[in-house]
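The exercises below are meant to be worked through with the sequence and the model side by side. Each one sets a task and then gives a solution in steps.

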Amino acid sequence: MAKTKNVKKEMSRLANFTKGFFKENPVFVFLLGLCPALAVTGTVEASLGMGILVIFVLTSSNVVVSLIRKWIPHQIRVPSYIVIISTFVTIVGLLTEAYAYALHGELGIFIPLIVVNCLILGRAESYASKNKVHDAAIDGFGMGLGFLGALVVIGFFREFLSTGAIAYGVYLPLAETPGSIINIDSYVFSMDAFGQAPGGFLVIGLLLGIFNFVAILKRNKKERERQRMIEEKKRQALERKRQKAKEKAGANA
Amino acid sequence: MSWTVFFVAIFSSMLINNVVLMKFLGVCPFLGVSKKTNSALGMSAAVMFVMVIAAFVSYLLYYLVLVPLEIEYVQTISFILIIASLVQLVEMIIKKVSKKLYKSLGVYIALITTNCAILGIAVENITSDFAGQYGLFPGLAVAVTTAFGAALGFGLVMFAFSSIRERLEGSNVPEAWKGVPVSLITAGIMALAFAGLGGIVG
Amino acid sequence: MDNLLSKLKTAAVLLIIGAVSGLAIFGTHTLTEDRREENRRMAQLAIYLDMFDGAVTPSDDDIVAIEDSSVKEMVTMRDSSGNILGYAFRGEGRISHGDITVIVGIDLDGNIIDVQIADSTQTPSYVQALRDHYLPRLRSQSIVAMDYGFTDELAGTSASAGMSFGNVRRIIEDARFIAADFLSDPVMEAYERLAPDVASFDTFVVFDRAFTEEQLIKDDDGNILAYAYLMPLEFDGETVTYVAAYTETEFIGITVFAFDDVPQDAIDAVEAFEGYWNSDFNGLTFDVDGEIENTIATALTELNTFVENRTWINANDLDYVETRYDGDDVSGYWFIGRKMGYNGVNVLEVLLDENGAFDHFAYNQSPDTPDFRNPLIDAFGAYSGQTEITQNEAEDAWSGATFTGESVYAIISAAFQYFADTLGDE
């Protein structure tokens, strides 16, 4: 009996970790933290950097909020969360400036703005303040990863469409000298607008639309499947009815 | 310092460096509260109110408290606390002064703490080093003007976007693109138009 | 009691959170302070270090702040054993379209290593045009004989590119004057022989005669010390640039830009003119022997005639007028005037005939967009032979070029006025 209970808990922990990837993706599903998702996703590396910072802040603030959740009086919980979050943001900002200076310059104002990323305050309020420390940590890390994933996907399309290449080593200390993973030298991939402001909106809009489209296709397929099953059943019922009628007729005859 | 500085500050922060379309600040309310023109205008008014006051207070806080104490690195935390308490204060004052105004703005004011445009403009006013360029108090005037222009720009884009969305409601959008996706693409096209203004003033 | 307790508890919690958060931030700040400081410095210096091969991070003593100049900072770049590699200059320019930061690197031989735009809020596409098409041509040029070659191709791209260019050029010029104190600079040395207090010089008017350029030589306070004229003369396929200087009343002297590749006899030739230094230029003739000396004398006589026939006006946008002769008869009046156009100062030549009727005008120097300014030459050509131009008639031709058109109109009108007031009575 105890064994099954344990397994169930393990499962839910895994689900807790992975829920932010697709089902509850903060950017694509809940549209949280759109400001950084639009602003710093001009390149994959900047997206990656922002994602890492958010994972750090989100996990740490979730842990701390969960740790002290029982001591914080209800009426001052939001200011307390804000203080906690901005403490971590400041620390992260200082660390970035010390160890990834180029990234600090690229993300610029969006590092202090992590404070007002609704994702972080949202998780503190809705999850960390009600759950145990390890659950809160897993939730923060998973959600952060989901956020990072979304940013990197957006960054990939934007950087690829605007430069035809995916560069590395420019902002993050990933390599001794900067290089690029993909590099297609073609005029087709020099649509500057995608690297700049308008591209952010367009790429997220297009991606959301495509995701919706796929979801709708899937739903339609399921719908058709169901419809077919119903038809099939109807047909079978009709068949049986006919059979019965035939038998009846045969018997009568 | 000539008066053109103020003109340039308003013009550039309103149109060329538009908070929403060029700097991506305040995207959440931009998408969230823009379904109806009325609520878009309400939100814009509330933002203007808080943004200008926040720019004023945060500038003074930075140069009169943080700089003399040499603790510029607590900028983020002090600004967000100032903004949060400012929002509370403004809400209380509006409630006391005018019930009617509170009814129309109250809902939006509560949402403003997490509007990154407010904090963003406050921080950017510091990084732009107006104090170094024009002196402490003229710099304050420029900072407040910039905030005012940014709020005007926010209002302009909110109004335009909400009008477009009201029209979109009635149009035949493919099912997958209904709602947020088509709004984002609309915003992208608006941003393209605004990008064309770049370079008019620095 | 309970109420008070819960309030105390709230206050205590807030206090503890605040204290812990303050401590955490302060701790991180203290731990990372040095590293961040170093990063910031490195980011500023990186562009200098990139320019100079083998340079090491400069010490504070090697970084000198400069005032009253578009150049804000001069950095002496050294290699690891302390030998000077050259000098880097950081200059800033500001126009209504934004700011621009330019780094100029100059080596010990006085050659430009590189010019880079480090930072700019000016219109990006124009700045990029400068970066792509213009800055590369400056590399490895000698600072004493800069060929800026800013031609209409780039000016034609836009008004703003022209202004950004103006900023860059100003900074290079200023860097060059500062560098001249550290490096040997034949141009500055030549000017010092003519006017010992020289601190800067500026192009004033360009010519296509034996002398090609008139320059204003100024002292530290910006007072004009002399007018210098460049005379590039050709000997055996080598061009040697002589420079003669005048005040408003006197011939100061003549000397040569003694670059490394200038033949010694071309340098020595100017000694023959030493007897004429500092004398009244009216009626001056040069009597010298030798082939090189005679070539110089011919050019100098042409220059002297121009100076004799020139009357300074210095009013109503007009600088001066040259009375032109055909034999002994006056054949025309050649005015030089300058006025703010759209992009900067337009220098105009206006020719009136002996009766004060308009003949033609030409751009001596103009930063304005060629597509706007050139049609004006034809448009104003229609007034040839007239002694008056009314603004209304010409307005159509000016649409789209209002500022340029206004400046042309103003200078031509000033020339008419000057003729009526002064020349016509003679």
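## Exercise 1: A bridge between chains

Arg219(A) is partly exposed, with a relative accessible area of 47%. In this predicted model, find the salt-bridge partner of Arg219(A) and say where each of the two residues lies.

Solution. Begin with the side chain of Arg219(A), which forms a salt bridge with Glu175(B), the closest N and O atoms being 3.3 Å apart. Next, place the two residues: the pair crosses between chains, running from helix α9 (residues 197–252) of chain A, where Arg219(A) lies, to the loop between α8 (136–170) and α9 (180–195) of chain B, where Glu175(B) lies. Finally, set the accessibility beside the cut-offs: partly exposed covers the range between under 20% (buried) and over 50% (exposed), so the 47% of Arg219(A) counts as partly exposed.

## Exercise 2: Two bridges within single chains

Locate the salt bridge between Asp139(A) and Arg123(A) and the one between Arg170(C) and Asp174(C), and describe the setting of each pair.

Solution. For the pair in chain A, the closest N and O atoms of Asp139(A) and Arg123(A) are 2.8 Å apart. Asp139(A) belongs to helix α7 (residues 133–163) and Arg123(A) to helix α6 (residues 118–126), so this salt bridge ties together parts of chain A that are 16 residues apart in sequence. Both Asp139(A) and Arg123(A) are buried.

For the pair in chain C, the side chains of Arg170(C) and Asp174(C) meet at 3.4 Å, N to O. Both residues sit in helix α4 (residues 159–180) of chain C, and because they are four residues apart there, about one helical turn separates them. The accessibilities are 40% for Arg170(C), which counts as partly exposed, and 13% for Asp174(C), which is buried. As a last step, return to chain A, where salt bridges that share partners join Lys19(A), Arg123(A) and Asp139(A) into one network. Over all chains, the structure holds 19 salt bridges.

## Exercise 3: Helix spans and cover

For helices α3 (residues 44–67) and α4 (residues 77–99) of chain A, compare the end-to-end span with the expected one, and then state how many residues are buried.

Solution. Take α3(A) to start with: its 24 residues reach 34 Å from the first C-alpha to the last, close to the 34 Å expected at 1.5 Å a residue. For α4(A), the 23 residues should span 33 Å at 1.5 Å a residue, and the end C-alpha atoms are 33 Å apart, which agrees. Turning to cover, α3(A) has 18 of its 24 residues buried and is thus mostly covered. In α4(A), 18 of the 23 residues are buried, so this helix is largely enclosed by the rest of the structure.

## Exercise 4: Positive phi values

Find where Glu70(B) and Asp317(C) lie, and examine their phi angles.

Solution. As background, most residues other than glycine have a negative phi. Phi of Glu70(B) is nevertheless positive, near 55°; this residue lies in the loop between α3 (37–69) and α4 of chain B, and at 61% relative accessibility it counts as exposed. Phi of Asp317(C) is likewise positive, near 70°. Asp317(C) is placed in the loop between β12 (310–315) and β13 (318–326) of chain C, and its 29% relative accessibility makes it partly exposed.

## Exercise 5: Surface patches

Which residues make up the positive and the nonpolar patch on chain B, and which elements supply them?

Solution. The positive patch gathers Lys95(B), Lys96(B), Lys99(B) and Lys103(B) on the surface, with α4 (75–97) and α5 (99–111) of chain B each supplying at least two of its residues. Lys103(B), in helix α5 of chain B, is exposed at 72% relative accessible area.

The nonpolar patch consists of Leu64(B), Val65(B), Leu69(B), Leu136(B) and Phe137(B), with about 450 Å² of accessible area together. The elements that give two or more residues to this patch are α3 and α8 of chain B, and α3(B) gives the most, with three residues. Leu64(B), found in helix α3 of chain B, counts as partly exposed at 45% relative accessibility.

Note on methods: Residues numbered from 1 in each chain as written. Chains lettered and ligands numbered in written order. Predicted model: local features only at pLDDT ≥ 70, side-chain atom pairs only at ≥ 80, totals over all residues. Heavy atoms only, no water. Patch = residues over 30% accessible without salt bridge, like charges linked within 9 Å, V, L, I, M, F, W, Y side chains within 5 Å. Areas by Shrake-Rupley, 256 points an atom, 1.4 Å probe, with all protein chains shown as cover. Salt bridge = Lys/Arg side-chain N within 4 Å of Asp/Glu carboxyl O. Lys, Arg positive; Asp, Glu negative; His and termini not counted. Charge placed at Lys NZ, Arg CZ, Asp CG, Glu CD. Buried < 20%, exposed > 50% of the residue type's maximum accessible area, 1.4 Å probe, protein only. Expected span 1.5 Å × (residues − 1).
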